[in-house]
Amino acid sequence: MDAYIYDAIRTPRGKGKRSGSLYEVRPIDLLSRILSAMQTRNNLDTSQVNDVIIGCVTPTADQGANIGKAALMYAGWSDEVPGMQINRFCASGLDAINLGAMKIRSGWEEVIVAGGVESMSRVPMESDGGALIYDSEIHTKVGYIPQGIAADLIATKEGYTREQLDAYALQSQQRAAHAWDNLYFKDSIIRIYDRNGLLILDQDEYLRPNTSLETLATLPSAFQKLGDSGFDQMAMTKYPTVEKMQHLHTAGNSSGIVDGASLVLLANEKKGKALGLKARAKIVAASTVSSEPTIMLQGQIPAAKKALKMAGMTTKDIDLWEMNEAFAAPVLKFQQALDIDNDCLNVNGGAIAMGHPLGATGAMLLGTLLDELERRDLSTGLVTLCVGGGMGVATIIERV
Amino acid sequence: MIYYKKDTDNIVTLTLDMTGRDTNVLNHEIVEAFIPVIRHLQEERDKKRLRGIIITSAKKSFLAGGDLEYLYKNYSPEEIFGFAETLQQFFRDLENPGVPVVAAINGTALGTGFELALACHYRVVIDDASVMLGHPEVRLGLMPSSGGVIRLLWLLGLEKAFQVLTSGKRLRPQEALQAGIIDELAKDEADMLEKARQFLLSTQEGRRPWDIKGETIPFGTVKNPVIASKARMLGANLIKQSYHNFPAPHAILNTLVEGSKVDFDTACRIESRYFTQLIMRPETRNMIKAFWFDYNAILSGANRPKGFGKFRPKKVGIIGAGTMGSGIAFECLRRGLEVVIKDVSKAVADKGKEYVTQQLDSYENTGRTLPLSKNQYLERVKTTDTSEDFENCDLVIEAVFENKMVKTKVLQEAENHMDRYSIFGTNTVSIPITELGAAASRPENFIGLHFFSPVEQCPLVEIVKGKQTSDETVARAFDFVTAIKKIPILVKDNWGFYASRVKNTYILEGIQMLQEGYPAALIENMGIQSGMPKGPLAMADDLSLDLVLRYEDLAAQHYGTKYIQHPAVDVLKIMIEEEKRRGAFKMQGFYQYEAQQEPYLWEGLETLFKNTKVDFNTDELKERLLFAQVLEAVWCVQEGIVKSIPEANLGSIHGWGFPAFKGGVIQYINDYNLERFLLKCKAYESDHGPRFKVPKMLTTMATEQSVFV
């Protein structure tokens with residue numbers, strides 16, 4: 001029994017700081033807003049939804065107490081709909097979808113809404129104070145380094161230059177700007193209004209469409225200081241062929257800190273028909289893996305390979321790819337490892353240009369991919385993210 | 001044992017005076033003696049006949065630390081944990097009689113001794129530069145066990161407590177006041193007791209901050225994101241400092257981090273558990289062995305020739321105002337000796353005095369105190385261009401250029417002005433003492449005194465006896481070295497002496513790995529991660545590749561037909577002869593050196609020695625680098641180059657930076673287990689050649705099932 005995708009929507013991304021447009025908006029508002037939009041767009045009888053799975057990476061404070069169920073209640077969905085929040089770090093949103101697909105394929109459930117939310121301005125990254133990061137015994141023992149250092153480690157090991165990383169970042173900015181200018185995203189963006197119906201944000205605000213290689217080159221290294229404080233040595237304990245860490249990632253070639261939410265509507269074919277919905281794509285394969293946790297940002301490679309194998313496909317069977325731009329180096333490494341044509345990867349830009357609202361990103365990427373497959377009238381797409389702790393998650397979809 | 005005195009203000013003074021001992025020690029005996037005292041004090045308090053308590057000592061020192069012998073020999077975690085908990089309860093009882101308690105600290109209080117002071121509400125100390133305070137436990141791989149970590153956390157906040165505990169510094173009273181671990185200084189004993197009384201009359205608060213509801217840890221706990229991320233950095237920094245090799249600073253940080261999240265008593269229990277785990281770790285035992293037992297064995301003078309009275313040097317002549325000479329001059333001065341610095345001209349000799357001035361300034365700038373004032377020290381330095389000024393010197397040390405002619409010349413000049421009791425020490429690194437001594441008019445007074453660079457930081461001096469050196473001279477050299485608070489080890493006059501010879505095997509093993517196809521960066525990282533201060537290639541560059549090769553030449557001469565050439569010699573020859581890369585002094589060696597830039601590994605190495613080893617076992621590479629040294633040190637013991645195991649161990653740690661957490665180069669074998677060590681050597685011998693063949697001494701020991709002590 002296959003799982004089909006009927007809808008995929010997302011909020012615009014606000015800058016994840018006080019000056020960001022969505023800072024004044026509670027994360028539960030972001031989520032409720034797109035829950036309502038999903039209900040309206042699909043004329044959905046919410047009581048027919050079996051479960052709502054929401055990815056959120058820092059599920060504390062405004063995002064605590066199971067924001068999945070909380071948002072359902074606030075949005076006025078049927079009392080019969082359960083909701084939960086999951087955390088697989090940066091892939092939470094995609095894993096929510098994969099889990100939903102598994103529920104449907106098991107035959108035990110029929111309609112699932114999955115997605116994610118993250119207000120990085122309201123609930124700062126790592127503010128949940130986990131042992132992996134803040135317990136001095138644990139983080140030193142397992143060698144858990146900040147992700148920026150891990151990205152720099154990949155760049156150092158692979159011998160990437162600053163110019164290469166910046167060139168990639170520039171491409172992301174240009175592609176994202178082009179996509180926005182040409183309204184590629186218009187059908188999937190759910191505007192955010194205030195309680196009086198006044199518009200707060202209708203498009204991604206992190207972009208810097210006018211940036212240039214020269215401007216990017218002036219940005220200081222973002223992780224040098226952290227590296228000097230001892231994380232470089234933690235990295236080199238695991239990777240002792242490194243003579244000296246090169247701290248090449250900057251604010252310009254790393255993903256942006258932003259706020260946003262995203263949702264996908266999944267169902268089996270029969271139930272979809274019964275609800276009067278039109279399937280847009282089918283989930284062909286979904287994988288979850290883990291790899292060496294110190295370098296951390298390479299799990300997308302085995303994840304994608306595993307998904308391809310599951311689907312009986314090879315690289316060339318995939319028409320378009322979305323690999324989350326957490327940092328430039330892991331994308332370059334991924335592209336190189338799977339030998340992906342530059343014209344097929346992150347074709348409308350990514351998190352470097354538009355931002356990475358942690359828990360929401362996975363479902364955003366899946367929506368972006370589906371939109372573009374339809375626009376180009378192509379068939380297959382693979383979306384993947386590198387994940388903290390060395391994990392990786394990938395999903396292959398095929399239009400129907 | 002505990003004298004009890006109560007005055008008209010209902011203030012009780014408890015004076016510690018343990019019978020049959022020079023110092024008060026915190027052991028079971030004193031804890032038991034305190035039980036009835038505490039009970040009585042509680043009764044007095046209940047009857048409202050107690051205003052406050054002063055604890056002081058009748059000895060010269062206040063209270064010494066715990067019982068290392070007991071801990072070292074104890075392998076039961078239950079007992080160690082029980083011991084820590086008992087002491088902890090004692091301190092809780094002491095700080096909880098419901099009235100304030102003052103520690104009137106009349107002398108040194110270190111380690112557990114200082115923990116007692118921390119368990120008092122207020123600490124007054126006599127301001128005397130001979131008094132030392134604080135927590136040096138970390139130097140022995142230990143940490144406080146009885147609430148000391150948690151009390152400092154509550155007194156200073158996490159970050160400062162971490163600094164105090166992990167620096168292991170013994171603080172003078174003024175430094176301790178600045179660090180915030182004591183409250184007030186006093187002029188003398190009467191002033192101290194008066195200040196203690198005044199404090200007790202000023203307050204009736206008998207609770208510590210952690211026993212008062214609403215009181216919090218200064219600057220916050222790790223629940224505060226700012227402190228949390230500081231603590232995270234501190235953890236990362238420990239890896240930077242010493243990779244995962246020293247467990248004690250980690251245990252201290254972890255106790256502070258975890259302890260900041262829970263109540264005081266739970267936090268103290270977490271401390272006891274970390275402490276117990278630490279005692280059970282081999283690194284801790286190795287460090288206690290080296291820095292306590294081996295250290296005391298050496299200083300007890302077991303190897304000092306017997307029958308000669310103690311030599312008390314007052315004035316030292318130093319020839320050569322270079323880095324080495326100036327360093328020696330400063331160390332002598334700092335330990336109370338007068339110094340005469342001689343060089344080719346007074347202007348050059350003045351450079352030595354300039355250096356001493358800089359060092360004194362840096363003491364002042366960093367808040368470290370010395371017994372005398374800067375001017376008093378400078379008055380004790382004389383600079384000169386003539387040996388005539390050596391007339392009243394008890395000993396003269398030369399630290400001139402490593403050249404036999406130059407050394408002979410300065411020796412003969414100096415001897416003309418020295419009396420027949422004075423001794424002459426040479427700081428040569430490679431010329432045999434007997435050979436140099438042959439030129440002396442009083443060869444019996446001539447001896448090798450091998451200091452290590454930087455002199456201020458390296459506490460070791462190799463004493464090398466030439467054929468004609470008298471036993472009395474050896475005894476005097478020993479006394480001189482201990483007078484300047486360095487560790488003397490007696491070494492045979494042989495090629496490379498001890499330290500240089502063994503250190504060279506580390507360098508050669510690293511160079512050989514290059515030849516085997518391991519990437520240079522990997523070799524360097526393996527060296528550093530194994531606990532050595534630098535990578536082998538960096539050490540080769542520092543020493544100069546010529547000198548590394550020269551030691552091998554000396555070995556070849558010494559062993560003759562028995563000499564088996566080290567495979568790394570080929571690499572050295574290529575580097576020196578073909579590539580003309582001879583080391584840091586030439587700005588090119590295994591590294592490339594450029595002005596204002598960190599040296600980096602020379603790119604040409606990859607072309608010369610192809611990186612063929614893609615898969616590697618890091619544990620084995622690290623081990624090989626240490627095994628090479630361990631085996632050479634055993635040869636030295638077998639050949640009598642070094643006289644005792646404690647000397648071999650401490651000599652290795654201080655002489656060339658062999659990892660302290662291994663307890664030194666010979667303790668390494670005990671730690672590894674002799675039988676396992678022999679098996680591993682056999683495997684290395686078949687994989688890498690005869691340099692891993694074990695000296696006969698080891699196989700004999702294995703048969704006899706003996707261990708090194």
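# Report on a predicted two-chain model

Helix H5 of chain B, residues 148-156, is mostly covered, with eight of its nine residues buried. This description rests on a predicted model. The buried set in H5(B) consists of Gly148(B), Val149(B), Ile150(B), Arg151(B), Leu152(B), Leu153(B), Trp154(B) and Leu156(B). These buried residues pack against four helices of chain B, namely H4 (112-118), H6 (158-167), H10 and H11 (264-280). Just after H5(B), Gly157(B) adopts a positive phi of about 90°.

## Helix H6 and its surroundings

In H6(B), the buried residues are Leu158(B), Ala161(B), Phe162(B), Val164(B), Leu165(B) and Thr166(B). The elements of chain B that cover them include strand E7 (133-134), H5, helix H7 (173-179), H9 and H10. Just after H6(B), a positive phi of about 65° is found at Gly168(B).

Leu165(B) of this buried set is touched by Met143(B), as is Val149(B) of the H5(B) set. Leaving aside residues up to four places away in sequence, Met143(B) also touches Glu137(B), Val138(B), Ala248(B), Ala251(B), Ile252(B), Tyr274(B), Phe275(B) and Leu278(B).

## The nonpolar core

The largest nonpolar core holds 351 residues, and those touching the most other members are Leu266(A), Val102(B), Met143(B) and Ile463(B). Helix H25 of chain B, residues 618-638, provides the largest share of this core, eleven residues.

## Chain A and strand E8

Chain A has 14 helices and twelve strands. Its radius of gyration is 20 Å, and since a compact globule of 400 residues would have a value near 21 Å, the two agree. Along the principal axes, the C-alpha atoms of chain A fill a box of roughly 60 × 45 × 45 Å. Of the 400 residues in chain A, 58% are buried. Among contacts in chain A between residues at least 6 apart in sequence, 83% join residues at least 24 apart.

Strand E8 of chain A, residues 258-267, is mostly covered, ten of its ten residues being buried. Both of its faces are covered: one carries Val258(A), Gly260(A), Ser262(A), Val264(A) and Leu266(A), and the other carries Asp259(A), Ala261(A), Leu263(A), Leu265(A) and Ala267(A). The strands of chain A that pair with E8(A) in the antiparallel sense include those listed below.

| Strand paired with E8(A) | Residues | Bridges | Residue pair |
|---|---|---|---|
| E1(A) | 4-10 | six bridges | Ile5(A) opposite Leu266(A) |
| E2(A) | 14-15 | two bridges | Lys15(A) opposite Val258(A) |
| E5(A) | 111-119 | nine bridges | Glu118(A) opposite Gly260(A) |

Leu266(A), which stands opposite Ile5(A), is also one of the residues that touch the most other members of the largest nonpolar core.

## Contact between the chains

Across the interface, 28 residues of chain B are in contact with 20 residues of chain A. On the chain B side, helix H9 (225-242), helix H10 (247-259), helix H20 (520-529) and strand E18 (600-601) each supply at least two residues. H9(B) gives the largest share of that side, twelve residues. By class, the side of chain B that touches chain A comprises 18 nonpolar, seven polar and three charged residues. H9 and H10 of chain B are also among the elements covering the buried residues of H6(B).

## Domains of chain B

Chain B is divided into domain 1 (2-206 + 213-284), domain 2 (315-492) and domain 3 (499-704). The centres of domain 1 and domain 3 of chain B, taken over C-alpha atoms, are separated by 43 Å. Six residues from domain 1 and five residues from domain 3 take part in the contact between them. The side of domain 1 of chain B that touches domain 3 of chain B has three nonpolar, two polar and one charged residues.

## A buried glycine in a loop

Gly66(B) lies in the loop between strand E3 (52-57) and helix H2 (68-73) of chain B. Gly66(B) counts as buried because it has 22 C-beta neighbours inside 10 Å, where the cut-off is 20 or more. Not counting residues up to four places away in sequence, Gly66(B) touches Leu26(B), Leu71(B), Gly111(B) and Thr112(B). Between Gly66(B) and Thr112(B), the separation is 46 residues in sequence and 5.5 Å in space, C-alpha to C-alpha.

How values were computed:
Residues numbered from 1 in each chain as written. Chains lettered and ligands numbered in written order. Predicted model: local features only at pLDDT ≥ 70, side-chain atom pairs only at ≥ 80, totals over all residues. Contact = placed C-beta atoms within 7 Å. Nonpolar A, V, L, I, M, F, W, Y, C, P; charged D, E, K, R; others polar. Buried ≥ 20, exposed ≤ 12 C-beta atoms within 10 Å, placed from the backbone. Domains from an automatic or database assignment. Rg over C-alpha atoms; globule rule 2.2 N^0.38 Å. Core = buried A, V, L, I, M, F, W, Y, C linked by C-beta atoms within 7 Å. Pairing = 2+ DSSP bridges.
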